Amino acid sequence: MIDLFEHIPALLIAVPLLGAFLTPLLGKVNKNARNIWVLLILALTAAMSFLLAQDVYTNGIKLYTFGADIPSLTHPDTVSIPVRIIFEIDGMSVFMLLISVIIGFLAALYSISFIKDENGIERYYTLLLLLITGMIGMELTGDLFNFFVFIEITSISAAALIATMVDREQSFEAAFKYLVLSSIGALFLLLAIGFLYGQYDALNIATIASSMQYTFADRMALVLIIGALALKAGLAPMHMWMPDAYGEAPPSVTIAVMAATLASLYGLIRMCFTLYGSSIFNLSVIGALIVAMAMISIIIGATMALIQSNLTRAIAYAAVAEIGYMLLGIGTALHVGINEFGETALTGGIFHIFNDVLDVGLLFLATGAVIYATNEKSLSNLGGLARKMKFTTIFFLIGLLAAAGMPPMNGFASKIIIYESVYRLNPLLSIGAILASILMLAIFVRIFYSVFLGPELPNLKNVREVPKAMLISMAIISMLIIIFGLFPGYVIDNLVAPAASALANPESYINAVLLGGA
Amino acid sequence: MSESKIIKTISSIAFPFVMIYGLYVILHGHLTPGGGFQGGAIVASACVLLLAGYGSREIAKRIKEGQLSVLESIGALGFVSLALLGISTTFFYNFLAGSHSIFGRIPPFGSNPGDLNTAGLLPLMNISVGIKVIAGLFAIVMVLAFVTWKMGGRKQ
Amino acid sequence: MEISISTGSGFWNPIVWLIALLIALLITYAIRSLGRKDYKRGKEQIKPFLSGNAEEDVEKLHTKGDNLYWGFRQSLAGYYKLMQKIHSGDLRDYVVWFVVILVILSFVVFGVM
Amino acid sequence: MIYNIPFIAAISLVLIGLYTLIFKRNLIKMIIGITIMESGVNLFLITLGYRKESVAPIFTALPSSTTIPDKMSLPVPQALTLTSIVIGVAVLALMLAIAVQIYRRYGTLNVDKIRRLRG
């Protein structure tokens, strides 16, 4: 009997890929069948991810070796190091995997109403599924070169998706910028992988981490990896592609690209904590640098969002600031090591990853609803939409409160952990972060006021509430936000703590490959 | 503007040779350097030769971009489903190798000229990758050629 | 199931916060009900009194998004001028920033670490 | 020393690519710069797998005097390079397609003019 359960890591790649390539064929037959097919594929992917998560949380790290007779076998009989591609799934990978599949499903659900077929967009769902495949691959793989391949799949499909709104002039400019910067980042990552491969004759993260020395090439690779992945994650001052890309992409794409950016962030965290996690590397200086860049991200993101007159661009700058909050927590943990408040900071930073994609994602989806209903992006031409779009207004309000870190939403739960742990590193950082958070509230209130409140404007007389599929996806995110906000302890114990402990113990990740295989 | 006679003649003559060489590279991917992608790129460049010789409008009358994208999907589907066929043992399991059915002969050990009828799934995967690459690359070049006439840069 | 989370130096419990919010709302309601009872909707008394001038058109009264926080922007005009210069939108500048960060990282890794 | 020349060439290709990206205004030239960088990285990878006086790693075509596997160059970097070339082709095609569309909309390929998204 086929034990499909064992093959879930491979199926998580194969199923969306198969779905992606069948989609254009189905689209030629029937548009509705295609939409249902896409949703079905993504629901199947999500279900498999939940099963995998269950497995990892109960049984620990799961290994999948491609091409081996027994998937958990990491070493071929005659060789002492792994030579095949190995997927290695621990608590952190599962945490990111859940983010990707949930956001991917919601993005597809939202797109069904949002993306109109008249635009001549045949390949939209193919690219979306490829983007989700790339993200999942980045998060599951334990192989450096494989990581590079998936990062490139992600950037190519994301760039093509950003240019989806062909009728909007600047979308191609945004896509070009995104693609150029992504490919530069990926090329430097490949160069770093070359440095590591040339030294250790291996591509497996665990194998390289276990034999890591302190040579010139190792440190050069560290520079290149951190630089490249920080560029992909949008850390200031390399954040400038982010407002361009997020602001111009259709919002259903933006939320998926956000998840892809967070997958790059995952790569950064994974490389810092696991690949360079051995004790001969003292990354505390790098941690300090990351904290500094995170602080710049927060300040630039919050202040620049205030002066934007474009609705999506303002929220995109807020997304830059949110990336800063995550890396503030994670960089603190890298700086001080895993001591009592370092671990708390790490927990806060990881928890904030999920919260950010929910909060800012909801804001993007709600602005997408506004754009869908009014075909207008400029703040000056909008107003009084609360009269016409009741549900969208409520969802935007929830997203606003959560993203600005107001209690009792989820954003507050993670931000307070970050504030209080960073306070013990340096009170000034914490105070700056709190002030920026207040500024973010001001920004969102400005957007909320000018879009939803005020009198009905004459050019927006015929506005109508958006279709159900869009409302449902927004409602699901709002529900998650409220649940995460009301029961943060539950989420931290069950989702975040395994992820944080997986990062804090690189030995278990290494030993799973080197000792776990027969 | 009509295409130059020299280009037309040369591309007509070169086309079959380049095509056959590309198909050779695809089919012998498991024995010699090359494989699906390289061979596919060669075949696609043969098609691009035609594009250069006869002009994109002439080609557009005969081949539609939609047909190419269907072909591309078929190639990709073939690859993924071949990988999935061996799932009873593992993903990408080569169940055809050594099975004495198609491509199933066991290759001899040591230096030898190579036997085409070996390697199991690998030739099949090379073929599906080849189909995908031919269709994909040709579609890319064709679309880039179409865009230039929508721009009105070069009127014919 | 643990609802409250520890933050290292304190704790956060949304349920406690909700109860506090409820109490605050009750107090607000109590204060509000102390107000005047002779307020009626739809009468002359709800109309704004603009020194006897006629009320302007509602559309003109709406403050547009661009004009909000005008003072904040004015007081930080220098900062925003600099920021807009940095965010030039030029792709080459984006690449330059990446190279700058690589150089800083090299200094940190080879000099300090 | 002679065996270091490919590495020097690879690094200089990467630097030339970066120079092209930063100092050239034309979008097409920037794309060429990325391609040059990519060639540098590919050259670097392929050089990693080379051994002195080694032959191509085809098992059935080994000359009979060669002892297996000491005299074969490493096949893994070659596979990596191939993958990276394939990815490079996809990126190149997409970048060119987007550049064409930008030209249609902006009427220029000068990167100084293509900055409507700023601030």
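This is a short talk on how the chains of this structure meet, followed by a closer look at chain A.

Hi everyone, thanks for coming. Please keep in mind throughout that we are looking at a predicted model.

Let me begin with the chains. Five pairs of chains are in contact, and the pair that shares the most contacts is A and C. Chains B and C, on the other hand, do not touch, and their nearest C-alpha atoms are 23 Å apart.

So what does the contact between A and C draw on? Chain C puts in 40 residues and chain A puts in 53. On the chain C side, the elements that give two or more residues are α1 (14-33), α2 (58-61), α3 (70-75), α4 (77-86) and α5 (91-112). Which of these gives the most? That is α5(C), with 13 residues. By type, this side of chain C has 26 nonpolar residues, nine polar ones and five charged ones.

While we are on chain C, have a look at how it is divided. Domain 1 covers 1-35 and domain 2 covers 73-113. The C-alpha centres of these two domains of chain C lie 43 Å apart.

Now over to chain D, which also meets chain A. Here 26 residues come from chain A and 25 from chain D. On the chain A side, α5 (144-162), α6 and α9 (241-248) each give two or more residues. The largest share, 15 residues, belongs to α6(A). This side of chain A splits into 17 nonpolar, four polar and five charged residues.

Chain D has a helix that is nice to check by hand. Helix α3 of chain D runs over residues 75-106, which is 32 residues. At 1.5 Å a residue it should span 46 Å, and its end C-alpha atoms are indeed 46 Å apart, so the two values agree. Just after α3(D) comes D:G107, with a positive phi of about 75°.

Let's go inside. The largest nonpolar core has 304 residues, and the ones with the most contacts inside it are A:L128, A:I162, A:L189, A:A259, A:A318 and A:L328. Which helix gives the most to this core? It is helix α6 of chain A, residues 171-200, with 20 residues. You will remember α6(A) from a moment ago, as the source of the largest share of the chain A side facing chain D.

Take A:L328 as an example from that core. Setting aside neighbours within four places in sequence, A:L328 is in contact with A:V291, A:A294, A:M295, A:I298, A:I418, A:V422, A:L429 and A:A433.

There is a pair of strands in chain A to show you as well. Strand β1 (residues 62-65) and strand β2 (residues 86-89) of chain A run antiparallel and are joined by four bridges. Across that pairing, A:L63 has A:E88 in β2(A) as its bridge partner. Along β1(A), A:K62 and A:Y64 point one way, A:L63 and A:T65 point the other way, and all are buried.

Next, some backbone oddities. Most residues other than glycine have a negative phi, and most peptide bonds are trans. With that in mind, the peptide bond from A:A236 to A:P237 is cis, with omega near 0°. You will find A:P237 in the loop between α8 (216-233) and α9 of chain A. The peptide bond from A:P407 to A:P408 is cis too, with omega near 5°. That puts us in the loop between α14 (390-403) and α15 (410-425) of chain A, where A:P408 sits.

As for phi, A:D201 is not a glycine, yet its phi is positive, at about 60°. A:D201 lies in the loop between α6 and α7 (205-210) of chain A. A:N375 also has a positive phi, near 60°, and belongs to the loop between α13 (340-374) and α14 of chain A.

Are these two loop residues buried or exposed? A:D201 counts as partly exposed because 15 other C-beta atoms lie within 10 Å. A:N375 is exposed, since it has 8 such atoms within 10 Å.

One last residue: A:L382, in the loop between α13 and α14 of chain A. A:L382 is buried, because 24 other C-beta atoms lie within 10 Å. Its C-alpha atom is 9.6 Å from that of A:L311, and these two residues are 71 residues apart along the chain.

That's my tour. Happy to take questions!

Conventions. Residues are numbered from 1 along each chain as its sequence is written. Chains are lettered from A and ligands numbered from 1 in the order in which they are written. This is a predicted model: local features need pLDDT of at least 70, side-chain atom pairs count only at pLDDT 80 or more; totals for chains, interfaces and linings use all residues. Two residues are in contact if their C-beta atoms, placed from the backbone, lie within 7 Å. Domain bounds come from an automatic or database domain assignment. Ala, Val, Leu, Ile, Met, Phe, Trp, Tyr, Cys and Pro count as nonpolar, Asp, Glu, Lys and Arg as charged, and the others, Gly among them, as polar. The expected span of a helix is 1.5 Å times one less than its number of residues. A nonpolar core is a set of buried Ala, Val, Leu, Ile, Met, Phe, Trp, Tyr and Cys residues joined through C-beta atoms within 7 Å. A residue is buried if 20 or more other C-beta atoms lie within 10 Å of its own, exposed if 12 or fewer, and partly exposed in between; C-beta atoms are placed from the backbone. Two strands pair if DSSP finds at least two bridges between them.
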